[in-house]
Amino acid sequence: QKCLSLIKKTKFLNAYITVSEEVALKQAEESEKRYKNGQSLGDLDGIPIAVKDNFSTSGIETTCASNMLKGYIPPYNATVVQKLLDQGALLMGKTNLDEFAMGSGSTDGVFGPVKNPWSYSKQYREKRKQNPHSENEDSDWLITGGSSGGSAAAVSAFTCYAALGSDTGGSTRNPAAHCGLVGFKPSYGLVSRHGLIPLVNSMDVPGILTRCVDDAAIVLGALAGPDPRDSTTVHEPINKPFMLPSLADVSKLCIGIPKFQFCILTFCYKEYLVPELSSEVQSLWSKAADLFESEGAKVIEVSLPHTSYSIVCYHVLCTSEVASNMARFDGLQYGHRCDIDVSTEAMYAATRREGFNDVVRGRILSGNFFLLKENYENYFVKAQKVRRLIANDFVNAFNSGVDVLLTPTTLSEAVPYLEFIKEDNRTRSAQDDIFTQAVNMAGLPAVSIPVALSNQGLPIGLQFIGRAFCDQQLLTVAKWFE
Ligand code: GLN
C-alpha cells in the first residue's frame, strides 16, 4: 500500500508507464495468506518489484515506450518475470525507458522523459538557487540516465525495492549511477533473455537495480539459471539463495585500473566534442583505488588498448542487429498498423514511419547500410573482429592476475534535462557509454555502485567488472566496498 501511494505521489517523475495496482494488491494478499498459514515462502515473497516495459508481461501492456507497441498485450511472461512471480514478488508495474531501450537518458520514449528524483533533493535545490543561470524550477530537473531510467527512478523514489532493467551497452549501470543505486549487469548467458524484447541479441542481458549489493544478489539468485527457451543461457551451477559472504580482508585481491585514452576516439569522431571525465569522478576513482591499496590489495594499471574502438564497433553491431530485429514490426502480426491499404509495401512503410521514432528509424537505416552486400565485409565482419579484440583485452587483463577491474560508470553526475537535449541525443548517448559498452561486447558481469555525492549533492557511481561467470565474486568485492 505504501509503495502504491508513493507511486501516486511521485507520478510527476514519469517512472511508470503502467501501474499494475490490482495485480500487486492481489499478489500481496496471497503472500500474506502464505505467511499467515505458515506455508513456505519464496525468496522474494511480498517484495514490491517493478519491471522495465521491454519485458513481456502476460495480460499487462508492454510498449517499449513506442507507438509501435502501444496497446500490445503479450500472452506470456518473460522468463525473468515468471521467476520473480514464482518467488512471490509483487509486480508493481512497467517502467519507462527510451524507445526500444535505445538511448542513455530515458528522454526518448513516446511517454516523455523520466525525471531524476535527486532533482528534488534539498541539497541540490539549494545549490541550483545559488546558480544565477539556473532555469525556473519546473523545467530545471535532471535526467535519470538510461535507458532503464524508469526502473532507476522507481527504486530511488522508494516505490519498490528492486526493479528489472535491461543492459545492452550500459542501460542498467548508467541510470543506477545517476540515481544513487546499485545497477548490476550479470554475465551474458547467466540470466534468460526469453521475453526481453531484443535490442542487440548478442549483448542484451536483464539487469537488476536495487539500493544495496545484497539485494541485487538475492534478485540474481531468483533469476539466474538455464532456460530451455533461451539457447544462449548456460548450465552454470549457482548456489541458491545467492548469499554473499562478507569479505573480511581484501589483501589477496588484485584490482585492475584500466587507462583510458579518450583522444583515440577523435580518430573517428574528430568533429564531436568528447567531454572529459569530470574531475570529481576522476578523483573518486583514484580515491577508491587508494582505499583498496591501503587495505592491502594489489592495485595495478592495466591496458585495454581496443576499448577506444568500442563505441564505433558497438554502433556497427548494434544497428546491424537492430535492423534485423525490428523487421518483425511490420503492422501485420502485432502492434500498430496504419490506415493505408493501397499495397502491402505501402502499409509496411507507413506503419513503420508512424510507429518508430527517429532514433529507431535511424538505427534501422544504418544497420541496413552496414549489412548491404558490398558493405558487409568492410563494416559488419570487421566490427565482429574488433569485438573479439576488445573481449580479448579483458581476457588478457584477467589472465595477468587481475580479479576485478575498477572504472567510473559515467563521465559525470546526472546532467539537467535542458542541457542533455541541447546536444544531438545520439552523440551524447554514444559518448556516455564509454565505460560500459565494452563490457557487453565481452559478455562480462559488471556492477555500478554509488560511492559519494558530488559538490552539487548528486550521486556518483563507480563500476566493478568481473571475470565471466564470476558474478558472485564480483558482487562480494562490491559489497565490501559499498
Ligand atoms: N546507450 C546504448 C544504446 O543506445 C545502450 C542502450 C542499452 O544498454 N539498452 O544503444
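Colleague: Of the 15 residues around the ligand, which come nearest?

Modeller: Keep in mind that this is a predicted model. In it, Ala101, Ser104, Thr168, Gly169 and Ser171 come nearest to the ligand, out of 15 residues around it.

Colleague: And how many residues of each class does the shell have?

Modeller: Sort them by class and you get nine polar, four nonpolar and two charged residues around the ligand.

Colleague: Let's move to the sheet. In what order do the strands come?

Modeller: Read across the sheet rather than along the chain. Here 11 strands make an open sheet with mixed pairing, and the order is E1-E3-E2-E4-E6-E5-E10-E11-E9-E7-E8. The edges are strand E1 (16-19) and strand E8 (298-302), each of which pairs on one side only. From one strand to the next, the twist averages 30°.

Colleague: Which helix packs on the sheet and touches E1?

Modeller: That's helix H2 (residues 21-36), which also touches strand E2 (48-52) and strand E3 (90-95). The direction of H2 makes about 160° with that of E3. Helix H8 (residues 279-294) packs on the sheet too, touching E7, E8, E9, strand E10 (446-453) and strand E11 (459-466). For H8, the angle with the direction of E11 is about 50°.

Colleague: How do I read the pairing around E3? Do E1 and E3 pair in the parallel or antiparallel sense?

Modeller: Look at the strand directions and then at the bridges. E1 and E3 are antiparallel, with three bridges, and Tyr16 sits opposite Thr95 in E3. E2 and E3, by contrast, run parallel and are joined by five bridges; there, Pro48 stands opposite Leu90 in E3.

Colleague: Is E3 mostly covered or mostly open?

Modeller: Mostly covered: six of its six residues are buried. As a general point, side chains in a regular strand alternate between the two faces of the sheet.

Colleague: What about E7, how does it pair with E9?

Modeller: Strand E7 (residues 254-258) pairs with strand E9 (residues 404-408) in the parallel sense, over two bridges. Ile255 has Val404 in E9 as its bridge partner.

Colleague: Last one, a helix pair. At what angle do the axes of H11 and H12 cross?

Modeller: The axes of helix H11 (residues 358-371) and helix H12 (residues 373-399) cross at roughly 110° and come within 6 Å. So H11 is roughly perpendicular to H12.

Colleague: Which residues meet there?

Modeller: From H11 you have Phe369, Phe370 and Leu371, and they meet Asn375, Tyr376, Tyr379 and Phe380 in H12. By class, this contact of H11 with H12 has six nonpolar residues, one polar and no charged ones.

Terms used
Residues numbered from 1 in each chain as written. Predicted model: local features only at pLDDT ≥ 70, side-chain atom pairs only at ≥ 80, totals over all residues. Near = placed C-beta within 6 Å. Nonpolar A, V, L, I, M, F, W, Y, C, P; charged D, E, K, R; others polar. Pairing = 2+ DSSP bridges. Helix = DSSP H or I, 4+ residues; strand = E, 2+ residues; numbered from the N terminus. Axes fitted to C-alpha atoms, helices over the stretch in contact; angles between N-to-C directions. Contact = placed C-beta atoms within 7 Å. Parallel < 35°, antiparallel > 145°, perpendicular 65-115°, else oblique. Buried ≥ 20, exposed ≤ 12 C-beta atoms within 10 Å, placed from the backbone.
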